[in-house]
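The exercises below concern the fold of a single chain. Each task is followed by a solution that proceeds step by step.

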Amino acid sequence: MSKYIDMDIATLRGEPKRRTGHSAASAERFTFRPPNVSDGPAVHALIRSCPPLDENSAYCNLVQCAHFAGTCVAAFRDRELVGWLSGYRPPEDPETIFVWQVAVGPAARGQGLGDRLLDALLARPACSGVRRLKTTITADNKASWALFGRLAERLAAPTSREPWLLEGGHLPTGHATEHLLTIGPFPAASQRP
Ligand SMILES: CC(C)(COP(=O)(O)OP(=O)(O)OC[C@H]1O[C@@H](n2cnc3c(N)ncnc32)[C@H](O)[C@@H]1OP(=O)(O)O)[C@@H](O)C(=O)NCCC(=O)NCCS
């Protein structure tokens, strides 16, 4: 299984790239912080602008901002929300951080903001003791496979992949199967270089 995903990521990385090289100057323009409940409407609007992400209810985004702020990351450029990552630590799996959604607004793409959102998450005190990251991705979401593939490379961590939430079973027909990607184990933040 691990071999399969490693090959998949390598294949993706061999494809022609839209852009290369993220300038430090452009990256410096972003600021990152935990969200608060006032960010809820902007988070909802950002996710709506980022297909193929599922559009959750406005209420869901408010609860994420209020109760899961420690494991959610909001990125701003000139006070405008342009990046968002939601996640949580499953209570039954305390060494894992589950990444629910990553969204970079169309106007902020091409500068590696998705990578920085993930790195900001893993550096959070709320991720202390985390040794695995899990997320789900549909088979056709190349940008997402590439995003998490790069994270596995930065962490020098093994990966595995398996179909989890199935189209026509857990999910309605028309919603592609979500594959569970696991990255890890990797060293806890305090032990990473
Ligand atoms: C996935 C997403 C967060 C990435 O945004 P980003 O961080 O701005 O990504 P960038 O444009 O800076 O690209 C970063 C790298 O990914 C590569 N990449 C971007 N889109 C790609 C695609 N469709 N296929 C393959 N590689 C892709 C880029 O070539 C770049 O690689 P490089 O640094 O080696 O040049 C953004 O595309 C997005 O919000 N998509 C919609 C929502 C979504 O699918 N989220 C996924 C997880 S839930």
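A residue is called buried when its relative accessible area is under 20%, exposed when it is over 50%, and partly exposed in between. The coordinates are those of a predicted model.

**Exercise 1. State the overall composition of the chain and the share of its residues that is buried.**

Step 1. The chain contains six helices and seven strands. Along the sequence, these elements follow the pattern α-α-β-α-α-β-β-β-α-β-α-β-β.

Step 2. With the cut-off above, 45% of the 193 residues are buried.

Step 3. Of the contacts between residues at least 6 apart in sequence, 65% link residues at least 24 apart.

**Exercise 2. Determine the strand order of the sheet and identify the strands at its edges.**

Step 1. The seven strands make up an open sheet whose order is E1-E2-E3-E4-E5-E7-E6, with mixed pairing.

Step 2. E1 (30–33) and E6 (159–165) each have a single partner strand; they are therefore the edges, and one side of each lacks a neighbour in the sheet.

Step 3. From one strand to the next, the twist averages 25°.

**Exercise 3. Trace the pairing from E3 through E4 and E5 to E7, giving the sense of each pair.**

Step 1. E3 (residues 80–88) pairs with E4 in the antiparallel sense, over six bridges. Here Tyr-88 is placed opposite Phe-98 of E4.

Step 2. E4 (residues 96–104) and E5 run parallel and are joined by four bridges. On this side, Phe-98 stands opposite Lys-134 of E5.

Step 3. The connection from E4 to E5 passes through helix H5 (residues 113–122), and this β-α-β crossover is right-handed.

Step 4. E5 and E7 (residues 178–183) are antiparallel, with six bridges between them. Leu-133 has Ile-183 in E7 as its bridge partner.

Step 5. As to exposure, five of the seven residues of E5 (residues 132–138) are buried, so that the strand is mostly covered.

**Exercise 4. Describe how helix H5 is placed against the sheet and against helix H6.**

Step 1. H5 lies across E1, E2 (73–77), E3, E4 and E5, and runs at about 150° to E4.

Step 2. H5 packs on H6 (residues 142–155) at an angle of about 50°, and their axes are 10 Å apart.

Step 3. Angles from 35 to 65 degrees fall outside the roughly parallel and roughly perpendicular ranges; H5 and H6 are therefore oblique to each other.

Step 4. The crossing of these two helices is right-handed. On the H5 side, the contact is made by Gly-114, Asp-115, Leu-118, Asp-119 and Leu-122. On the H6 side, Leu-147, Phe-148, Arg-150, Leu-151, Arg-154 and Leu-155 take part.

**Exercise 5. Is Ala-120 buried, partly exposed or exposed, and with which residues is Ala-120 in contact beyond its neighbours within four places in sequence?**

Step 1. Ala-120 is located in helix H5.

Step 2. Its relative accessibility is 23%. Since buried requires under 20% and exposed over 50%, Ala-120 counts as partly exposed.

Step 3. When neighbours within four places in sequence are set aside, Ala-120 is in contact with Phe-32 and Val-73.

Step 4. Phe-32 falls within the range of E1 (30–33), and Val-73 within that of E2 (73–77).

Step 5. Ala-74 is 46 residues from Ala-120 in sequence, while their C-alpha atoms are 9.8 Å apart in space.

Definitions and conventions: Residues numbered from 1 in each chain as written. Predicted model: local features only at pLDDT ≥ 70, side-chain atom pairs only at ≥ 80, totals over all residues. Heavy atoms only, no water. Buried < 20%, exposed > 50% of the residue type's maximum accessible area, 1.4 Å probe, protein only. Pairing = 2+ DSSP bridges. Right-handed = clockwise from strand over helix to strand, strands pointing away. Axes fitted to C-alpha atoms, helices over the stretch in contact; angles between N-to-C directions. Parallel < 35°, antiparallel > 145°, perpendicular 65-115°, else oblique. Left-handed = near helix turned anticlockwise from the far one by under 90°. Contact = heavy atoms within 4.5 Å.
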